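Here are my notes on this model, for you to read beside the structure. Please keep the 3D view open as you go through the points.

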Amino acid sequence: MMNKYDVIIIGSGISGALTAAILARSGLSVLILDSAQHPRFSIGEATTPESGVLLRLLSRRFDIPEIAHLSSPDQIIEHVGSSACGIKLGFSFAWHQQGAASSPEHLVAPPLKVPEAHLFRQDIDYFALLIALKYGAESRQNIKIEGITLTSDGVEVALANAAPVQAAFIIDAAAQGAPLARQLGVRTTEGLATDTCSFFTHMLNVKSYEDALAPLSRSRAPIALFQSTLHHIFEEGWLWVIPFNNHPQGTNPLCSVGFQFNNAKYRPTEAPEIEFRKLLKKYPAIAEHFKDAVNAREWIYAPRINYRSVQSVGDRFCLLPQATGFIDPLFSRGLITTFESILRLAPKVLEAARTQRWQREHFIEVERHCLNAVSTNDQLVSCSYEAFSDFHLWNVWHRVWLSGSNLGSAFLQGLLRDLEHSGDCDQFDAALQAARFPGCLSLNSPAYESLFAQSCQVVQRARELAAPVADTARKLHELIKEHESELLPFGYSQISNRFIVKT
Ligand SMILES: Cc1cc2nc3c(=O)[nH]c(=O)nc-3n(C[C@H](O)[C@H](O)[C@H](O)COP(=O)(O)OP(=O)(O)OC[C@H]3O[C@@H](n4cnc5c(N)ncnc54)[C@H](O)[C@@H]3O)c2cc1C
């Protein structure tokens with residue numbers, strides 16, 4: 001063990017471990033510090049087309065084949081194990097009205113072009129840490145950080161019961177816990193439109209949508225919903241069902257379950273299990289999943305999950321996205337922002353190590369992406385909670401998200417194709433940097449970003465004026481039609497096509 005490194009990374013979750021692997025693979029000396037020890041529970045399980053491509057980009061850009069082993073269910077099953085993930089063939093959103101039976105008519109379920117995964121994070125994160133160790137990073141777990149001193153010459157981290165460690169640069173990848181973010185006092189909830197709480201756990205014996213609510217013959221969905229990331233949405237919030245055993249090779253009996261409330265519409269006051277039972281009583285259709293279910297671990301309750309930071313980079317430091325800010329798990333954008341941030345940060349750190357330029361200005365583009373992502377997600381999520389109130393409104397609104405997400409995913413796919421073809425990393429870095437809307441859904445489409453901004457305005461205005469939902473839905477539909485020629489050709493404006501499958 002040394003006590004002086006190029007980079008110290010706080011947190012050995014998926015973000016800290018992958019960043020450490022990349023920097024160590026590229027020749028830097030890296031120390032990871034974690035207050036806990038692997039394997040350990042972590043949340044953030046549903047992946048997306050964007051997060052899958054971003055993992056492949058990280059793997060290709062920094063020449064670490066093992067990172068691509070986390071990028072699809074096939075790869076995970078082959079390299080990490082059959083219990084390490086579930087499969088995700090689509091997003092699905094089932095809308096519910098208090099006291100009413102479920103109606104398969106109140107379902108939207110856009111399928112994915114290629115399968116993505118439900119990550120069993122304790123195995124995935126441990127695998128990521130092993131990649132970092134394989135490429136030469138050092139790790140100290142169960143270690144308590146007592147303070148961080150930043151000076152113009154370097155960084156020193158004081159540790160409990162151990163000598164201090166030093167580095168040229170420090171990265172806080174410790175998510176909510178983030179000791180550097182807390183010490184700097186950069187966190188706030190001010191200015192956020194989203195105010196939501198979350199309860200989550202893992203369960204056994206959760207019935208599938210098909211067994212509990214409606215078989216495929218009734219839902220007529222293009223994919224079996226037990227193989228999707230299933231969102232039950234209702235006036236005051238939403239609940240996820242994320243199984244890990246929903247594929248033929250599955251050996252992990254657990255299912256992730258979590259629910260969120262809009263604190264403005266319902267503020268829970270009781271113990272998590274009681275709140276869960278109250279929710280199931282209100283929405284008997286959702287309860288059908290849980291007739292035989294048992295908790296495999298205690299509920300975790302976070303009274304407010306939204307936070308942002310006024311700054312994410314500075315002289316000699318960077319906060320990774322989950323340390324900087326988080327809005328809500330809806331649409332699974334956490335890992336997208338995290339992986340894209342690493343893709344943007346790592347070349348900057350490598351360059352800084354060459355030039356010894358560790359000043360804030362050098363990392364400012366990384367901050368721009370990260371802060372934009374938090375504020376985009378805040379708008380997206382707060383408008384979505386408004387749209388939960390009515391199925392037709394949701395059916396229209398979710399197309400605003402989906403059309404942007406599909407453009408973002410296509411943009412990243414294009415970058416991957418070019419990188420695989422040319423092998424030119426500098427060209428790739430420049431192309432990513434040139435994306436006009438870093439942190440936004442489409443990354444690079446002015447037409448879409450205009451649609452997004454106008455759509456959010458429509459929803460925000462409707463909230464202020466308590467406008468009839470039918471009017472809001474109509475205005476959003478008009479906007480989608482207006483912009484349709486500049487979106488991918490999925491026929492987003494055909495509202496009767498609830499599954500957005502190309503017809
Ligand atoms: C309820 C919820 C649901 C989510 N669902 C999704 C989803 O479905 N899809 C998605 O893409 N994203 C989701 N996210 C976001 C996702 O969790 C994050 O993007 C992702 O986990 C970030 O990984 P990480 O490595 O930065 O953090 P983590 O995996 O949380 O790792 C942080 C590490 O830091 C360590 N640590 C903490 N404090 C300290 C300290 N003081 N000192 C040293 N070490 C410390 C911890 O032990 C841990 O190992 C969700 C988030 C929440 C809150």
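1. From which domains does the lining of the second largest pocket draw at least three residues each? The answer is domain 1 (1–83 + 120–190 + 309–385) and domain 3 (390–421 + 440–503). Bear in mind throughout that this is a predicted model.

2. Start with the layout of the chain. It is divided into domain 1, domain 2 (196–302) and domain 3. Domain 1 is written as three segments, 1–83, 120–190 and 309–385. Domain 3 is written as 390–421 and 440–503. The C-alpha centres of domain 2 and domain 3 lie 26 Å apart.

3. Now go back to the second largest pocket. It holds about 530 Å³ of space. Its lining has 23 residues. Those nearest the centre are Leu112, Lys113, Asn406, Ser409 and Phe490. Find these five in the 3D view and you have found the pocket.

4. Which elements build that lining? α2 (49–61), β5 (111–119) and α14 (391–422) each supply at least two residues. α14 gives the most, with 7 residues. By class, the lining divides into 15 nonpolar, 4 polar and 4 charged residues.

5. The largest pocket has a volume of about 1200 Å³. Its lining has 49 residues, and the closest to the centre are Ser42, Ile43, Ala175, Gln176 and Gln322. The lining has 26 nonpolar, 16 polar and 7 charged residues.

6. Why does the largest pocket lie between domain 1 and domain 2? Both domains give residues to its lining, so the pocket lies between them. The elements that supply at least two residues each include β11 (196–204), β12 (229–234), β13 (237–243) and β16 (300–302). Helices are on that list too: α1 (14–25), α11 (321–324) and α12 (334–355).

7. Turn to the ligand. It is surrounded by 34 residues. The closest are Ser15, Asp34, Ile43, Arg121 and Leu335. Ile43 should look familiar, as one of the residues closest to the centre of the largest pocket.

8. Which atoms of the protein come close to oxygen atoms of the ligand? In serine 15, a polar side-chain atom lies 2.7 Å from a ligand oxygen. In aspartate 34, an N or O atom of the side chain is 2.6 Å from a ligand oxygen. Isoleucine 43 uses its backbone instead: an N or O atom there lies 2.9 Å from an oxygen of the ligand. On its own, the ligand has 1000 Å² of accessible area, and the protein covers 90% of that.

9. Next, the cavities. How many of 30 Å³ or more does the structure hold? There are 4. The largest cavity has a volume of about 100 Å³. Among its lining residues are Pro321, Gln322, Phe326, Arg333, Thr337 and Asn377. The elements that give two or more residues to this lining are α11, α12 and α13 (364–387). The lining divides into 5 nonpolar, 6 polar and 1 charged. Note Gln322 here, since Gln322 is also among the residues closest to the centre of the largest pocket.

10. The second largest cavity holds about 60 Å³ of space. Its lining includes Glu50, Arg333, Thr337, His369, Ala373 and Leu441. Arg333, Thr337 and Ala373 also line the largest cavity. α12 and α13 each supply at least two residues, and α12 gives the most, with 3 residues. The classes are 5 nonpolar, 3 polar and 3 charged. Domain 1 and domain 3 each give at least three residues to this lining.

11. Finally, check two spots in the backbone. The peptide bond from histidine 38 to proline 39 is cis, with omega near -10°. Proline 39 is in the loop between β2 (30–33) and α2. Aspartate 63 has a positive phi, near 55°, and is a residue other than glycine. Aspartate 63 sits in the loop between α2 and α3 (65–68).

Notes. Residues are numbered from 1 along each chain as its sequence is written. This is a predicted model: local features need pLDDT of at least 70, side-chain atom pairs count only at pLDDT 80 or more; totals for chains, interfaces and linings use all residues. Side-chain values use heavy atoms; hydrogens and water are left out. On a 1 Å grid over the protein atoms alone, a cavity is a set of points where a 1.4 Å probe fits but cannot get out, and a pocket is an open set with protein on both sides within 12 Å along at least five of seven lines; lining residues have an atom within 4 Å of a point. Grid points are joined across faces, edges and corners, and a volume is the space filled by probe spheres set on the points. Helices (H or I, at least four residues) and strands (E, at least two) are DSSP runs, numbered from the N terminus. Ala, Val, Leu, Ile, Met, Phe, Trp, Tyr, Cys and Pro count as nonpolar, Asp, Glu, Lys and Arg as charged, and the others, Gly among them, as polar. Domain bounds come from an automatic or database domain assignment. A residue is near a molecule or strand if one of its heavy atoms lies within 4 Å of it. A polar contact is a pair of N or O atoms within 3.5 Å; within protein, one must be able to donate a hydrogen and the other to accept it, and residues adjacent in sequence count only if both atoms are side-chain atoms. Accessible areas come from the Shrake-Rupley method with a 1.4 Å probe; for residues, only the protein chains shown count as cover.
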